[in-house]
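Me: I would like to learn how the overall form of a chain, and then one of its pockets, can be read from a model. Could you take me through the case shown here?

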Amino acid sequence: MTVSPFKPATARERLMLPLDVPTVDEARVLVEKTAGAVGIYKIGMELQFAGGLELARQLASEGHKIFLDVKLHDIDNTIFSAVRNVAKMGMRFMTLHAYPKTMRAAVKAIREDGVTDLCLLGVTVLTSMDDDDLHEAGYRGRVAELVARRAADARAAGMGGIVCSPQEAAAMRPVLGDELVMVTPGVRPAGSAAGDQKRIMTPGDAIRAGSDYLVVGRPISKADDPRAAAEAVVAEIEEALV
């Protein structure tokens with residue numbers, strides 16, 4: 001049985017903090033407030049369009065692990081070339097939508113270049129979507145069914161892992177085995193507002209369900225003391241791992 005080289009070693013490494021702020025300066029402040037308290041910083045689209053790609057390079061060069069949440073989906077050649085470029089940036093994780101052709105093109109890019117330190121993550125179904133949202137978008141069936149199919153496709157394509165909600169984590173672990181990691185957004189400490197997330201779970205429950213990495217954003221970034229909020233999530237992860 002193959003175990004993923006991207007499996008986290010400590011509770012702190014499991015915590016991913018999105019830098020979902022409007023400017024690079026604000027992102028820098030959030031990093032300064034939480035450095036050492038979280039394992040990975042996630043840079044998504046909001047910040048990418050405000051200088052976040054250069055910040056991602058800088059943070060990686062400073063020794064931080066960076067998750068570039070680009071959610072790529074395009075023709076094969078474009079995906080192939082884009083992934084090759086991301087691999088040169090020093091990123092630890094990157095996302096693309098979990099369509100079979102898209103994933104195969106991405107995996108081909110890193111394999112041909114001999115890249116072993118970039119984990120490709122297939123986004124299954126966004127955690128802001130439920131069954132009704134899927135039907136409105138033209139999909140049949142339920143969220144859980146689509147997540148399972150895309151998880152199986154990700155494993156078949158040779159991806160490093162998937163992104164799914166913690167509510168699907170327990171069911172996805174047998175699909176993924178130990179070969180792929182599972183990243184779960186939609187994680188909210190008890191008492192936190194759900195915001196625009198629909199399929200949520202607490203950090204401890206998500207870990208017990210089989211999640212490898214937890215994406216926790218606003219409960220940390222909007223807290224009066226982001227470091228203390230991050231440490232509280234890490235403590236809950238540690239307790240769930242016992």
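Reply: We go from the whole chain to one pocket. This is a predicted model, in which local features need pLDDT of at least 70 and side-chain atom pairs count only at pLDDT 80 or more, while totals for chains, interfaces and linings use all residues. Residues are numbered from 1 along each chain as its sequence is written, and side-chain values use heavy atoms, with hydrogens and water left out.

Me: How many helices and strands are there in the protein chain?

Reply: Helices (H or I, at least four residues) and strands (E, at least two) are DSSP runs, numbered from the N terminus. The protein chain has 10 helices and 8 strands. Its radius of gyration is 17 Å, close to the 18 Å of the globule rule for 242 residues, so the chain is as compact as a globular protein of that length. That radius is taken over C-alpha atoms, and the rule is 2.2 Å times the number of residues to the power 0.38.

Me: What percentage of the 242 residues count as buried?

Reply: Buried means under 20% relative accessible area, with a 1.4 Å probe and protein chains only; here 50% of the 242 residues count as buried.

Me: Which residues are the closest to the centre of the second largest pocket?

Reply: A pocket is an open set of points on a 1 Å grid, where a 1.4 Å probe fits, with protein on both sides within 12 Å along at least five of seven lines; lining residues have an atom within 4 Å of a point. The second largest pocket has a volume of about 300 Å³, and of its 18 lining residues the closest to the centre are Pro5, Phe6, Gly158, Met159 and Gly160. Helix H4 (residues 100-112) gives the most to this lining, with 3 residues.

Note on methods. Grid points are joined across faces, edges and corners, and a volume is the space filled by probe spheres set on the points.
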